[in-house]
Amino acid sequence: MKIKIGASLLSWTTPNWTPESGHYAIKETAKNGFDLIEILLPSNMEFDAATVKKQLQENNLDVVCSLNLPKEVHIPFYPKEALTLISKALDKTAQLETTFLGGVLHSGIGVFTGNPVTHQEKEIIINVLGEAALYAAKLGITIGIEPINRYESYVCNTASNVLEIINRINADNLAVHLDTFHMNVEENNFYDPIIEAGKKLKHLHITESNRGMLGEGTVNWDELFKGLKAINFEGNLVLENFSSSIPGMQQAVSLWQTSPHNAEELAVGSLNFIKQKVFEYQT
């Protein structure tokens, strides 16, 4: 396996990007021994890529980007607006000189129609993401599509849902971005989706069932890493656990229970857990 271990911006700050919080997250990610940071781009695209790139260089830290589509650009309702936003995110990703944009790129988070996704809606999504893939290819960027749980989206809940879209588009630079929190809700287990995704799996959010310390919840980590070993995974494992010690985090991500670990304890403990699992399954 060829793996880089990262921390999400959300390990250190709320999803609401500011230059100050972003710089703080970069410094904390580097200080605590991660290989890279995943920057969740703000949907307003008020993001100074040149300054952030300099900060990353100063901290000797790699970067990948993500974008979660807001309700206002739910692809089946607003395809043109969605493509415009994704394209802007790809531009910011390119300006950081990185080659991966992941996230919830199939639908607006929290939008529901009261029914399962329709054939017509899928066709709209496929057209938009196909156009986005073409633009991303010109920039040398891979797009990772993240399925999320049924309480946040009706479009893509499982790896199979994402693979259906990717296979329909048939673009080499479309990939699967999984998240163990959502897998714990929607998948039958942690092994089969990884095997099904195979080499299309490029990015994985590593988070416990309760968003707390890895190993203290119900995620079957051995099953997960067995799958990663079986496909000889090459990509990023990015910590995305949340701590209520971060001001505003409880409100931002509905983290109503008080965390037993502060942000740094959670990050360092989880990083050590990931390193141990990688070691176990590489030897």
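**Reading rings, polar contacts and pockets**

Guide: Let's start with Tyr78, which counts as partly exposed because its relative accessibility is 36%. Please keep in mind that this model is predicted.

Visitor: How should I read such a percentage, and where does Phe77 fall, buried or exposed or partly exposed?

Guide: Under 20% a residue is called buried and over 50% exposed, with partly exposed in between. Phe77 comes out at 44% relative accessibility, so Phe77 counts as partly exposed.

Visitor: Both of those carry rings. How many aromatic pairs are there by this rule?

Guide: The count of aromatic pairs is five. Phe77 and Tyr78 are one such pair: the distance is 6.2 Å centre to centre, the planes make 85 degrees, and the arrangement is edge-to-face.

Visitor: Which class does the pair of Phe112 and Tyr154 belong to, and why?

Guide: Look at the angle between the planes. Stacked needs under 30 degrees and edge-to-face over 60, and the rest are tilted. For Phe112 and Tyr154 the planes stand at 45 degrees, with ring centres 6.4 Å apart, so this pair is tilted.

Visitor: What parts does the pair tie together?

Guide: Phe112 sits in the loop between β4 and α4, while Tyr154 sits in the loop between β5 (142-145) and α5 (159-169), so the pair links parts 42 residues apart in sequence. Phe112 is partly exposed because its relative accessible area is 40%, whereas Tyr154 has 10% and is buried.

Visitor: Now a polar side chain. Where is the place of His106, and what does its side chain reach?

Guide: For a polar side chain, look at the burial, then at the partners. His106 is in the loop between β4 (100-102) and α4 (119-139), and it counts as buried because its relative accessibility is 0%. The His106 side chain makes a polar contact of 2.8 Å with the side chain of Ser107, and it reaches the backbone oxygen of Glu146 at 2.8 Å. Among the residues that His106 touches, leaving aside those up to four places away in sequence, are Leu69, Ile75, Ile125, Pro147 and Cys156.

Visitor: Let me try the same reading on Asn241. Is Asn241 buried or exposed?

Guide: Asn241 is buried, since its relative accessible area is 2%. Asn241 belongs to the loop between β8 and α9. A polar contact of 2.5 Å joins its side chain to that of Thr207, and a polar atom of the Asn241 side chain lies 3.2 Å from the backbone nitrogen of Glu208. With residues up to four places away in sequence left out, Asn241 touches, among others, Leu10, Ser11, Arg211, Met213 and Ser270.

Visitor: On to pockets. How much space lies in the largest pocket, and which residues lie nearest its centre?

Guide: A pocket is read from its volume and its lining. The largest pocket holds about 960 Å³ of space. Its lining has 39 residues, and Asn68, Ile109, Glu152, Ala252 and Val253 lie nearest the centre. The elements giving two or more residues to this lining are β2 (36-40), β6 (174-179), α6 (180-186) and α9 (249-253). By class, the lining has 19 nonpolar, 13 polar and seven charged residues.

Visitor: And what about the second largest pocket, how much space lies there?

Guide: About 540 Å³. Lining residues number 22, with Lys4, Asp62, Val63, Thr98 and Thr99 closest to the centre. At least two lining residues come from each of β1 (2-8), α2 (49-58), β3 (62-66) and β8 (234-239). This lining divides into eight nonpolar, seven polar and seven charged residues.

Notes
Residues are numbered from 1 along each chain as its sequence is written. This is a predicted model: local features need pLDDT of at least 70, side-chain atom pairs count only at pLDDT 80 or more; totals for chains, interfaces and linings use all residues. Side-chain values use heavy atoms; hydrogens and water are left out. On a 1 Å grid over the protein atoms alone, a cavity is a set of points where a 1.4 Å probe fits but cannot get out, and a pocket is an open set with protein on both sides within 12 Å along at least five of seven lines; lining residues have an atom within 4 Å of a point. Grid points are joined across faces, edges and corners, and a volume is the space filled by probe spheres set on the points. Helices (H or I, at least four residues) and strands (E, at least two) are DSSP runs, numbered from the N terminus. Ala, Val, Leu, Ile, Met, Phe, Trp, Tyr, Cys and Pro count as nonpolar, Asp, Glu, Lys and Arg as charged, and the others, Gly among them, as polar. Buried means under 20% relative accessible area, exposed over 50%, partly exposed in between (1.4 Å probe, protein chains only). A polar contact is a pair of N or O atoms within 3.5 Å; within protein, one must be able to donate a hydrogen and the other to accept it, and residues adjacent in sequence count only if both atoms are side-chain atoms. Contact means heavy atoms within 4.5 Å. Rings of Phe, Tyr and Trp (its six-membered ring) pair if their centres lie within 6.5 Å; planes under 30 degrees apart count as stacked, over 60 as edge-to-face and the rest as tilted.
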